[in-house]
Each structure stands twice: as structure tokens, then as C-alpha cells.
Amino acid sequence: MNNQHQNLLDALTACVAACEWCATACLQEPDVKMMVPCISLDRDCADICALTARLVARGSVHGQHLLRECAEICKACGDECAKHSHMQHCQECAAACRRCEEACRAAL
């Protein structure tokens, strides 16, 4: 596997982990209702990143089609998480989403 694909796969899997951790941590926040948009985007982002990683890893031509959508959802999730500057899990998730968005756009 070439280095660009490995960097992309690393960013995708790191984003999955960050989003899953963020969603779980958001569920522990005192005002869970306020965190619903964040949790929803975390879940969507984790799912699209996981699917994209699987297709890229197997060399599927369809993996290329998902990169644009993956970058879009990573941006949305990163933007939402960045709004919660007082929550470490959201800040770490925002950073992972931004790295993943950049990796997806670079692979397009």
C-alpha cells in the first residue's frame, strides 16, 4: 500500500475512534439534549469514515466516490465539535475531523 493511502487510512481510523469517544463522552454530559447535534454528527462521521476506510483499503473504485462525502461530513462534525470549546473530547474530535477532512480532500 502506498504512503498516501496509508496516511488516509490512518486519518480515517483516527477519526472513527475520536468520533466514537466523543459521542460516548457527550452522552455523559449534564445537558445531553444540548449535545444531540454533536452526538448525531459524531455517529454519522464515524460511520462514513469506517466505510470509506474499508473501501480504500480493499482498493475499491467506489472508495474514491465516498471521499467527497466523507470530507463534507468530517467538516460538519469538526465544526460542531469546535463549538464546545470547554469539552476536551469535542476539541480532540474536532482536530481529528479536520485532519481527516484534509486527508480525504488530498486523496481526491
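Which residue, with a positive phi, follows helix 2? Select Gly59: its phi is near 75°. This is a predicted model, where local features need pLDDT of at least 70, side-chain atom pairs count only at pLDDT 80 or more, and totals for chains, interfaces and linings use all residues. Residues are numbered from 1 along each chain as its sequence is written, and side-chain values use heavy atoms, with hydrogens and water left out.

**Stop 1: helix 1**

Select residues 3-26. This is helix 1, with 24 residues. (Helices are DSSP runs of H or I, at least four residues, numbered from the N terminus.) From first C-alpha to last, helix 1 reaches 34 Å, close to the 34 Å expected at 1.5 Å a residue. The expected span is 1.5 Å times one less than the number of residues.

Now colour the buried residues of helix 1, including Leu8, Leu12, Cys15, Cys19 and Cys22. Buried means under 20% relative accessible area, with a 1.4 Å probe and protein chains only. The buried residues of helix 1 pack against helix 2 (36-57), helix 3 (61-82) and helix 4 (88-107).

**Stop 2: helix 1 with helix 3**

Add residues 61-82, which are helix 3. The axes of helix 1 and helix 3 come within 12 Å and cross at roughly 40°. Helix 1 is therefore oblique to helix 3. (Axes are lines fitted to C-alpha atoms, for helices over the stretch in contact, and angles run from 0 to 180 degrees between N-to-C directions. Under 35 degrees is roughly parallel, over 145 roughly antiparallel, 65 to 115 roughly perpendicular, and the rest oblique.)

Show side chains. Leu8, Leu12, Cys15, Cys19 and Cys22 in helix 1 meet Leu67, Cys70, Cys74, Cys77 and Cys81 in helix 3. Contact means heavy atoms within 4.5 Å. The residues of this contact divide into 10 nonpolar, no polar and no charged.

**Stop 3: helix 1 with helix 4**

Swap to residues 88-107, helix 4. The axes of helix 1 and helix 4 come within 8 Å and cross at roughly 150°. The two helices are therefore roughly antiparallel to each other. Among the helix 1 residues that meet helix 4 are Gln4, Ala11 and Trp21. On the helix 4 side, select His89, Glu92 and Arg99, among others.

**Stop 4: helix 2**

Finish with residues 36-57, helix 2. Its 22 residues should span 32 Å, and the end C-alpha atoms are 31 Å apart, which agrees. The buried residues of helix 2 include Ile39, Asp42, Thr52 and Leu55. What covers the buried residues of helix 2 includes helix 1, helix 3 and helix 4.

Methods. Buried means under 20% relative accessible area, exposed over 50%, partly exposed in between (1.4 Å probe, protein chains only). Ala, Val, Leu, Ile, Met, Phe, Trp, Tyr, Cys and Pro count as nonpolar, Asp, Glu, Lys and Arg as charged, and the others, Gly among them, as polar.
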